[in-house]
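Hi,

Here is the structure I promised to pass on. Have a look at it first, and then read my notes underneath.

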Amino acid sequence: MKRITSLLIITLLICNCSDVKHNNEANEELIALRAELDSLKAESSNVTKGQIATFLTFQDNNAENAMNFYVDLFDNSKIINVQRWEKNGPVEEGKIMHATFSLNESLFMCSDSPPIHKWGFTPAVSNYIDCKDESELKRLFSKLSENGEVTMPLNNYGFSQKFGWVIDQFGVSWQLNFN
C-alpha cells in the first residue's frame, strides 16, 4: 500500500510540473492509478455476508469528503472499498458510486446518490459512541460540531456523567457519551 501511495504522490507531482500538452496523458495515468488503488483497497476488504452496516446516502456529492473526515477522526478506521462513477454516469465522474469503510471497526457504507430524494439525514437515527474518556469525548464533540449544529451541549443530563449530541457538517447525527 505504501508503494501505491508513493506512486500516486510522484504521479501528482509529475502532473503538476508537466506542461499543458502532457496533461491529458497525466490525467489518464492518474485515473489508472486511482483505479488501481481502489482495487487494492477492495482486495483487503473484510466485509462479511450478513454483517450489518450503517449506509449514508449523500445527495450533495459529499460522500468522499464525509468518509475521509470520519476515517481521519476515529481511531482504528480505514477505507475498505471504493467504486466511482464513470464518465457517462448520472453524477460527476469520480464521485462515489459505493464505498465501504470502518470507523473504530464498525462498518459504514456511503454513496453520492444520483436522484435527489425528498428525505435526508435525520437526528431520529444517529450514531451513538461511548467514549473511553472525557478527553476523547471533548475531541470528538469539537470536531463533529465544527460547521455543524449542537443539539445538546456537553453536560450531565442525569442519565450520563457527560453527554452531547451534534449534527455534523454533512448532516449526520452523533450522540457522544462518557460515564
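Let's start with a small puzzle: does Lys138 count as buried, partly exposed or exposed? At 43% relative accessibility, Lys138 counts as partly exposed. The cut-offs are under 20% relative accessible area for buried and over 50% for exposed, with partly exposed in between (1.4 Å probe, protein chains only).

Before going on, two notes on how to read all this. The model is predicted, so local features need pLDDT of at least 70 and side-chain atom pairs count only at pLDDT 80 or more, while totals for chains, interfaces and linings use all residues. Residues are numbered from 1 along each chain as its sequence is written, and side-chain values use heavy atoms, with hydrogens and water left out.

**Salt bridges**

The structure holds four salt bridges, meaning a side-chain nitrogen of Lys or Arg within 4 Å of a carboxyl oxygen of Asp or Glu. Lys138 forms one with Glu134, and their closest N and O atoms are 3.7 Å apart. These two sit four residues apart in helix H4, so about one helical turn separates them. (Helices and strands here are DSSP runs numbered from the N terminus: H or I with at least four residues for helices, E with at least two for strands.) Glu134 is partly exposed too, at 29%. Glu134, Lys138 and Lys162 are linked in a network of salt bridges.

Next, find Arg84 and Glu64, whose side chains meet in a salt bridge at 2.9 Å, N to O. Arg84 lies in strand S2 and Glu64 in helix H3, so the pair ties together parts that are 20 residues apart in sequence. Arg84 is buried, with a relative accessible area of 18%, whereas Glu64 is partly exposed at 26%.

Asp75 and Lys132 also meet through their side chains, at 3.4 Å, N to O. Asp75 is in the loop between H3 and S2, and Lys132 is in the loop between strand S5 (127-130) and H4, so this salt bridge ties together parts that are 57 residues apart in sequence. Asp75 is partly exposed at 40%, and Lys132 is exposed at 57%.

**The nonpolar core**

Now look inside. A nonpolar core is a set of buried Ala, Val, Leu, Ile, Met, Phe, Trp, Tyr and Cys residues joined through side-chain atoms within 4.5 Å. The largest one has 29 residues, and those with the most contacts inside it include Phe101, Cys110 and Trp174. Two or more residues come from each of S1, H3, S2, S3, strand S4 (106-112), H4 and strand S8 (173-178). The largest share, six residues, comes from H3.

Phe101 is a good one to click on: leaving out residues up to four places away in sequence, the residues that Phe101 touches (heavy atoms within 4.5 Å) include Leu56, Met67, Tyr70 and Cys110. Cys110 is buried, with a relative accessible area of 1%, and Cys131 is buried as well, at 8%. How many disulfides are there? The count comes to zero, where a disulfide is a pair of cysteine sulfur atoms within 2.5 Å.

**Strands and sheet**

Five of the seven residues of strand S2 (residues 78-84) are buried, so S2 is largely enclosed by the rest of the structure. S2 pairs with strand S3 (residues 96-103) in the antiparallel sense over six bridges; two strands pair if DSSP finds at least two bridges between them. One bridge to look for joins Val82 to Ala99 in S3.

There is also an open sheet of four strands, in the order S5-S8-S7-S6, with mixed pairing. S5 and S6 stand at the edges with a single partner strand each, so one side of each has no neighbour in the sheet. Within the sheet, strand S7 (residues 162-167) pairs with S8 in the antiparallel sense over six bridges, and Ile167 has Ser173 in S8 as its bridge partner.

**Two odd asparagines**

Most residues other than glycine have a negative phi. Asn61, though, has a positive phi of about 60 degrees, and so does Asn147, also at about 60 degrees. Asn61 is in the loop between strand S1 (54-58) and helix H3 (63-73) and is partly exposed at 29%. Asn147 is in the loop between helix H4 (134-145) and strand S6 (149-155) and is exposed at 66%.

Enjoy exploring!
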